[in-house]
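Hi,

Here is the structure I promised to pass on. Have a look at it first, and then read on for what turned up.

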Amino acid sequence: MKRFQWKVVALMLLVSAIPLIVSALVADRLLEDTVAIGFDARLEGGLEAAVETHRRYIQVRRRAVVLETRDLAHDPSFLALLDADPPAPAALQTWLAAWIEQVSDPHMDVAMIELRPADGAQTPPLRLDRRDKFPEDRWRTKAQGAIARTERGARFELTVTYVVPWALFREFEDLGHLGRTFDQLERRQASLTTGYTRTLVAFSGAVLAVTFLAGFLWSRATTSRLGRLARATEQVGRGNLDVQVPVQGRDEIAQLTEAFNRMVAEIRQSRDRLAYLERVSTWQEIARRLAHEIKNPLTPILLAVQQLDRKFEDYQDQPERYRRLVSDSMEIVSEEVESLRKLVREFSDFARLPRVDPEPTDVERFLRELIRTNPQFAPHVAAPDDLDESLDPGSESDREPHEGRARAAAAGDPLTAGVDATMMRRALLNLVENAQQAIDRAGLPAEGAITLRVERGDPGSVRIVVEDRGPGVAPEHLGSLFDPYFTTKSDGTGLGLAIVKKIVLDHGGDIIVESPLDERGGTRFTLTLPRA
Ligand SMILES: Nc1ncnc2c1ncn2[C@@H]1O[C@H](COP(=O)(O)OP(=O)(O)O)[C@@H](O)[C@H]1O
Ligand SMILES: [Mg+2]
């Protein structure tokens, strides 16, 4: 994944994580509060108390049934009615109805009263039945028995059937159930929280995974398009102006791509225009220079011939003088024709520079050979015999230039580079020739003022250094030295260094110039050649 992609994905994750975190916090608080309300101690205590009160109430009602029945069995007016002679069942019925009225309330009523005479009783059995008023599905019945003993000693078995509404028990059950639910809830509080947490984590994980995937895919599409643009820009930087990036979609990247394509096309057009104009102006420069160089010798030639023509009559009787005039004119014409020939030679040399064909060469040996076979280097460059004496391949200090002596020196094993001997000789001759001219024109001492040497360059390269103790190059000329036709000499062509640079570049190498080397001047040309 690219850096841009990481950023987009990270940003999207961050943005989607914020609401998740906030909702997690809010939900946590909410859950805590809700659960806290449910498990409020007071609420729980109240519930327990209510259950207890209800249970007591039912108990009290149960005992009341016993007590009411016993009261009835001992009630004097009831017992008196039982003793009545003759028996008065109607009055008894009325009395019992009134008693029921007094005893009953919404939570308890009487469904039936039965009275069975036992020993000594005259009163016939009696039954007061109100069961039809209390359907069994809504009322729970409970019979309570007691023995009634009258003053006369009669005994009655009394059975009172009470009814209590089922609702009362159901409420109690409901309350109990509620209490148990509360207990369970309390016990589940912990598991509830973990369950919620688990859900939240799973959900968040899913959201983040989806976000990551979406961010990844979207940013990959974008980065690949931007990457294509970046690669195209690099190619343009390397000089390839034929690149065009296919335009996709209609967004800003598409606009950028279109603008890029347009820009490259425009640059290509103006580069072609520029190159053409440059070619034209180069040819204009050549034409101007050629015209100038040709015109210069033509004038003296014409003048010489004109003079011969004019003086012919005057010198008719002086053949000796005329003869001298002819040889003077001849000399002028030969000289000028020779300079024209030199000019043509240099131009055609430059025009027909042969292709470089390098062969692995011991550069140090090559330099030594070059100096030995070119005696015209003397006295500026020391003779090869002297060179041999100063050579000590193992010694680093030998690489320092000596006063009054030129050397080709190398450290360690032979430094070999791919060299086309003919072309490289020509290049080095040009450099030495320039140096000689610079030294002689400045009237500086010639002896050993030029040094040729070989240096071990960066791994994989060999350096040939041509250094002179001449006047140096003016700073404003330094940048134009290798330009064709740049010269500061009246009879120069300015092609020498252009040829040198072309040859070195054709060797896959490079050449730089440094000047001045110190306050007295000096110039150093350094050729870097790839090692073979
Ligand atoms: N060793 C040197 N010292 C000082 N100036 C130099 C040296 N070599 C070259 N130059 C300058 O560079 C110019 C261009 O050199 P070159 O291309 O050989 O053309 P030309 O020798 O015909 O002038 C020279 O005119 C000179 O001014
Ligand atoms: Mg030259």
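Before the ligand, one cut-off: a residue is near a molecule if its C-beta atom, placed from the backbone, lies within 6 Å of it. Keep in mind too that this is a predicted model.

With that in hand, 19 residues surround ligand 1, and N434, T487, G492, G496 and L497 are the closest. What kinds of residue make up that shell around ligand 1? It splits into 7 nonpolar, 10 polar and 2 charged residues. Two helices, α10 and α12, each put in at least two residues, and α10 gives the most, with 4.

So α10 deserves a closer look. Helix α10 covers residues 421-441, which makes 21 residues. How far apart should its ends be? At 1.5 Å a residue, the helix should span 30 Å, and its end C-alpha atoms are indeed 30 Å apart, so the two figures agree. (The span is reckoned from one less than the number of residues.)

Quite a few α10 residues are buried: M423, M424, A427, L428, L431, V432, N434, A435, Q436, A438 and I439. Note that N434 is on that list and is also among the closest residues to ligand 1. If you look down the list, this general point may help: an α-helix has 3.6 residues a turn, so residues three or four places apart point the same way.

What do the buried residues of α10 pack against? Their partners are two helices, α8 (363-372) and α12 (496-506), plus the strands β6 (416-419), β7 (450-456), β8 (461-468) and β10 (523-530). After α10 comes G443, with a positive phi near 65 degrees.

Now for the chain as a whole. It holds 12 helices and 10 strands. A compact globule of 532 residues would have a radius of gyration near 24 Å, but this chain has 65 Å. Its C-alpha atoms fill a box of roughly 215 × 55 × 40 Å along the principal axes. Of the 532 residues, 18% count as buried. Among contacts between residues at least 6 apart in sequence, 67% join residues at least 24 apart.

One last stop, strand β1 (residues 109-117). It pairs with β4 (residues 155-165) in the antiparallel sense over 8 bridges, and V110 stands opposite Y162 in β4. Strand β1 also runs antiparallel to β2 (residues 126-129), joined by 4 bridges; there I113 stands opposite L128.

Cheers

Notes: Residues are numbered from 1 along each chain as its sequence is written. Chains are lettered from A and ligands numbered from 1 in the order in which they are written. This is a predicted model: local features need pLDDT of at least 70, side-chain atom pairs count only at pLDDT 80 or more; totals for chains, interfaces and linings use all residues. A residue is buried if 20 or more other C-beta atoms lie within 10 Å of its own, exposed if 12 or fewer, and partly exposed in between; C-beta atoms are placed from the backbone. Two residues are in contact if their C-beta atoms, placed from the backbone, lie within 7 Å. Ala, Val, Leu, Ile, Met, Phe, Trp, Tyr, Cys and Pro count as nonpolar, Asp, Glu, Lys and Arg as charged, and the others, Gly among them, as polar. The radius of gyration is taken over C-alpha atoms; the globule rule is 2.2 Å times the number of residues to the power 0.38. Two strands pair if DSSP finds at least two bridges between them.
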